[in-house]
Amino acid sequence: MDYPQNLSNHRSCLDYLIDVNRRRRPALYPAQTHSAGLKNLHVGAAVLLEHHPGMTAKVLAKIADEARWARRLPRRKSVVTSSNESEYPMLYPLFLTLHLFAALIFIGTVFFEVLFLESMRKQLPVKVMLLVEQGIGRRARTLVPWVLLVLFGAGAGMVWLRYLPTLATPLASSFGTLLMLKIAVAVSVLLHFLAAMYLFRSDRMTARYLHFIHASLFCHMIVIVLLAKGMFYLAW
């Protein structure tokens with residue numbers, strides 16, 4: 001392991017050691033393993049002892065704390081990626097950006113309707129609230145289909161480029177299991193939207209149906225956000 005030759009005091013040695021350890025965190029770099037991280041930690045401790053044989057007990061205790069912290073990290077299996085990404089290296093960042101922007105718009109719309117619009121209902125006259133809902137509804141029916149098209153199209157492209165091997169055996173890893181659950185919840189969101197569009201076009205949409213769809217979509221969005229983050233931090 002390469003290390004700086006100008007480690008002149010305990011603090012610089014310790015900072016360098018901790019930096020090496022944290023750059024090997026399996027939670028942030030799934031391809032790395034615990035053994036790699038701990039090996040670097042132990043080598044760093046040996047370097048520190050070599051440079052400063054008379055180091056204080058406080059520094060040694062901090063090194064021990066870092067080692068115990070590293071052992072508590074969950075073991076992560078490296079994610080098997082598809083060869084399609086190597087053939088089209090610029091497509092995945094593009095799909096990811098489009099997916100994030102579309103998700104931002106859709107989730108923001110749902111949260112606004114549930115957290116803000118519902119509370120405004122009690123503060124505005126019925127006629128005014130009816131006009132507000134009609135205006136928002138017309139705009140949503142015009143914009144949201146395109147947002148969902150970008151959202152699901154970009155998501156499908158990301159799966160095709162990188163995650164097809166993972167989804168071939170989704171139960172083989174925690175990442176694959178959570179990704180499969182996220183896709184299933186996303187399909188449920190799409191079904192909610194199609195059902196709402198059908199009810200609007202057939203003039204069967206009622207306030208009760210609308211409230212149920214909004215509340216259900218709100219819960220779906222929370223689950224999707226938790227799954228999206230958990231895929232990279234949860235392991236079993």
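Is Glu133 buried, partly exposed or exposed? With a relative accessibility of 23%, Glu133 counts as partly exposed, because the buried class stops at values under 20%. We'll come back to this residue below, once the overall fold is laid out.

## The overall picture

What you're looking at is a predicted model. The protein chain has eight helices and zero strands, so the secondary-structure pattern along the sequence is simply α-α-α-α-α-α-α-α.

Of the 236 residues in the chain, 35% are buried. The accessible surface adds up to about 14800 Å², and carbon and sulfur atoms own 67% of that. As for how the chain comes together, take the contacts with a separation of 6 or more: 75% of them are between residues 24 or more positions apart.

## Helix H5 and what it packs on

Helix H5 takes in residues 91-120, which makes 30 residues. From first C-alpha to last it reaches 42 Å, close to the 44 Å expected at 1.5 Å a residue. Even so, H5 has a kink of about 30°, centred on Glu113.

Glu113 also turns up on the list of buried residues in H5. The others on that list are Tyr92, Phe95, His99, Ala102, Ala103, Phe106, Val110 and Leu117. And what do the buried residues of H5 pack against? Their partners are helix H4 (84-87), helix H6 (126-168), H7 and helix H8 (207-233).

## Helix H6 and its bend

H6 is another story. A straight helix of 43 residues would span 63 Å at 1.5 Å a residue, but H6 spans only 52 Å between its end C-alpha atoms. Where is the kink in H6? Look at Arg162, shortly before the proline Pro165: the kink there is about 80°.

Now for Tyr88, which sits in the loop between H4 and H5. Leaving aside residues up to four places away in sequence, Tyr88 touches Trp160 and Leu161. The C-alpha atoms of Tyr88 and Leu161 are 8.0 Å apart, although 73 residues separate the two along the chain. Tyr88 itself counts as partly exposed, at 38% relative accessibility.

## A small salt-bridge network

How many salt bridges does the structure hold? There are two, and Glu118, Arg121 and Glu133 are linked by them in a network. In one, Glu118 pairs with Arg121, with the closest N and O atoms 3.3 Å apart. In the other, Glu133 pairs with Arg121, and here the closest N and O atoms are 2.4 Å apart. This second pair links distant parts of the chain: Glu133 is in helix H6 and Arg121 is in the loop between H5 and H6, twelve residues apart.

Arg121 is partly exposed, with a relative accessible area of 36%. That brings us back to the opening question, as Glu133 is partly exposed too, at 23%.

## The outside of H7

Which residues make the nonpolar surface patch of about 330 Å²? They are Ile183, Val187, Leu191 and Leu194. One of them, Leu191, is placed in helix H7, residues 174-201. Leu191 counts as exposed because its relative accessibility is 53%, and the exposed class takes values over 50%.

## The H7-H8 loop and on into H8

Asp203 is placed in the loop between H7 and H8. Its backbone is worth a look: most residues other than glycine have a negative phi. Asp203 is not a glycine, yet its phi is positive, at about 60°. Is Asp203 buried or exposed? It counts as exposed, at 70% relative accessibility.

Further along, Cys219 lies in helix H8. Cys219 is partly exposed, with a relative accessible area of 45%. Measuring C-alpha to C-alpha in the model, Cys219 and Phe111 are 10.0 Å apart in space, while in sequence they are 108 residues apart.

Key: Residues are numbered from 1 along each chain as its sequence is written. This is a predicted model: local features need pLDDT of at least 70, side-chain atom pairs count only at pLDDT 80 or more; totals for chains, interfaces and linings use all residues. Side-chain values use heavy atoms; hydrogens and water are left out. Patches are made of residues with over 30% relative accessible area and no salt bridge: like charges are joined within 9 Å, nonpolar side chains (Val, Leu, Ile, Met, Phe, Trp, Tyr) within 5 Å. Accessible areas come from the Shrake-Rupley method with a 1.4 Å probe; for residues, only the protein chains shown count as cover. A salt bridge is a side-chain nitrogen of Lys or Arg within 4 Å of a carboxyl oxygen of Asp or Glu. Helices (H or I, at least four residues) and strands (E, at least two) are DSSP runs, numbered from the N terminus. Buried means under 20% relative accessible area, exposed over 50%, partly exposed in between (1.4 Å probe, protein chains only). Contact means heavy atoms within 4.5 Å. The expected span of a helix is 1.5 Å times one less than its number of residues. The bend at a residue is the angle between axes fitted to the seven residues ending there and the seven starting there.
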